[in-house]
Amino acid sequence: MNSFGRLFRIHIFGESHGESAGLVIDGCPAGLPLSVEDFLTDIERRKGGNHKGTTPRKEDDLPIFKSGIFNGHTTGAPITILFENKNTRSGDYEKQRAVPRPGHADFTAHAKYGGFEDFRGGGHFSGRLTVCMVAAGVIAKKLLGHIQVVSTILEIGGEADLEKGLQKAIDAKDSIGGIVECRVNGLPVGLGEHFFDSAESLISHAVFAIPAVKGIEFGAGFAAARMFGTEHNDAIEDASGKTRTNHAGGIVGGITNGNELVFRIAIKPTSSTPKEQQTWNWETNAIESFSVKGRHDLCIALRVPVVLEAVTAFTLVDLMLLEQRIGRIGPSFML
Ligand SMILES: Cc1cc2nc3c(=O)[nH]c(=O)nc-3n(C[C@H](O)[C@H](O)[C@H](O)COP(=O)(O)O)c2cc1C
Ligand SMILES: C=C(O[C@@H]1CC(C(=O)O)=C[C@@H](OP(=O)(O)O)[C@H]1O)C(=O)O
């Protein structure tokens, strides 16, 4: 399914080389001021071509409002937004149709959808669809008001010096991965449910919808496995739940504890690398060498921070609505 959320419910649709990609948000409260300008900063942050190592494919990515916005405000009806695909080069993909790229969804989509899948530019599996996530994130961030969601790249190819990490890939004529962190400040205590709808579970669910994500850790994460209890425990200091340390990353028992929410995600190296690799050709039934020609991100992580902020923001809005922490109408939307 291409839907996420209970009350703030997001649907994304489209393909990389289809007419457009887009989203529908059902359940956005009425009365939120919303204009095209609200989207520009975050949309620009996601665009390729702004940084060495990102895809040269250039799209305008101007949001086209189709429903749910009237007189500059949300109406409470489903919001539909489109992003047109204009700068496509499908020939790159026609040529390598029988040669599924290792690490991309070519093989799995072909096996599952029997050859009917749109394979151009990764089709519906493409990172292109993250523009829809970013648009939903813009609306979610407005609803979150003073709650700040900020993501940064911590490393590229194991290097804290991002340029150095990227250069390693450029020198090797290969692609490379990275680690992106997200921090959220100003969250109330009490978001999330025990067990299946824990705040960690829902954030992870949304995070793994971002193509190329391979891992997530909250707070001390995997390092917690090497600590003593007394080292890992976060001493509670006052009635607000403030803790001296934050090894938990802001969630305990699946419920936000009022401290900073902190988590990191691992982004794999782009599967479409210029470096020669081997794969199976389903027409000749032979293993062959090939290298991916076309316009690809050398390092996807460079483009992920704003996408990560977006999925985090819309997950938190859903939790806030479930907890009745966002009102139906009002200038700040906060109760
Ligand atoms: C913003 C963004 C840009 C991406 N750009 C590319 C790309 O240029 N080339 C590519 O092969 N994969 C790219 N990907 C990753 C693929 O879409 C992804 O690896 C593929 O759909 C398989 O999914 P999986 O890696 O989650 O298993 C991108 C992902 C994101 C989030
Ligand atoms: C278009 C975007 O990224 C695309 C994501 C992508 C993939 O396989 O995920 C492959 C490339 O597609 P194309 O071959 O059509 O240039 C990227 O450019 C975008 O993010 O807007």
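Start with ligand 1 and bring up its shell: by class you'll find eight nonpolar, 10 polar and three charged residues there. Keep in mind as you click around that this is a predicted model. The shell comes to 21 residues, and the closest ones to label are Phe125, Gly127, Pro211, Ser272 and His296.

Next, hop over to ligand 2. Its shell divides into two nonpolar, 10 polar and five charged residues. There are 17 residues around ligand 2, with Thr55, Arg57, Gly121, Gly122 and Gly127 coming nearest. Gly127 is worth a colour of its own, since it is listed among the closest residues for ligand 1 and among the nearest for ligand 2.

Now for the annotated positions. An unreviewed UniProt entry lists His124, Phe125, Ser126, Gly253, Lys268, Pro269, Thr270, Ser271, Ser272 and Arg295 under "binding site". Select the whole set and zoom out: these positions span 172 residues of sequence and are spread in space too, up to 43.9 Å between C-alpha atoms.

Pick Ser126 from that set. You'll land in the loop between helix H3 (106-113) and helix H4 (130-144). Is Ser126 buried or exposed? Ser126 is buried, because 22 other C-beta atoms sit within 10 Å and the cut-off for buried is 20 or more. Leaving out neighbours within four places in sequence, show its contacts: Glu15, Ser16 and Gly121.

Then jump to Gly253, in the loop between strands S11 (251-252) and S12 (255-256). Here the count is 13 other C-beta atoms within 10 Å, so Gly253 is partly exposed.

The unreviewed UniProt entry also gives Arg46 and Lys52 as "binding site". Select Arg46 in helix H1 (residues 37-46). Arg46 counts as buried because it has 22 C-beta neighbours inside 10 Å. Which residues does Arg46 contact, leaving aside those within four places in sequence? Turn on Thr130, Val131, Val134, Arg303, Val306 and Val307.

Follow the chain out of H1 to Lys52, in the loop that leads to strand S4 (64-67). With 12 C-beta neighbours inside 10 Å, Lys52 counts as exposed.

Last stop: Pro63, also placed in the loop between H1 and S4. Pro63 has 24 C-beta neighbours inside 10 Å and so counts as buried. Beyond its neighbours within four places in sequence, Pro63 is in contact with Val36, Phe39, Ile81, Phe83 and Ala135. To finish, draw a distance from Pro63 to His17: they are 46 residues apart along the chain, and their C-alpha atoms are separated by 17 Å.

Definitions and conventions:
Residues are numbered from 1 along each chain as its sequence is written. Chains are lettered from A and ligands numbered from 1 in the order in which they are written. This is a predicted model: local features need pLDDT of at least 70, side-chain atom pairs count only at pLDDT 80 or more; totals for chains, interfaces and linings use all residues. A residue is near a molecule or strand if its C-beta atom, placed from the backbone, lies within 6 Å of it. Ala, Val, Leu, Ile, Met, Phe, Trp, Tyr, Cys and Pro count as nonpolar, Asp, Glu, Lys and Arg as charged, and the others, Gly among them, as polar. UniProt positions are given in the numbering used here, feature names are shortened, and annotations may be inferred rather than shown by experiment. Helices (H or I, at least four residues) and strands (E, at least two) are DSSP runs, numbered from the N terminus. Two residues are in contact if their C-beta atoms, placed from the backbone, lie within 7 Å.
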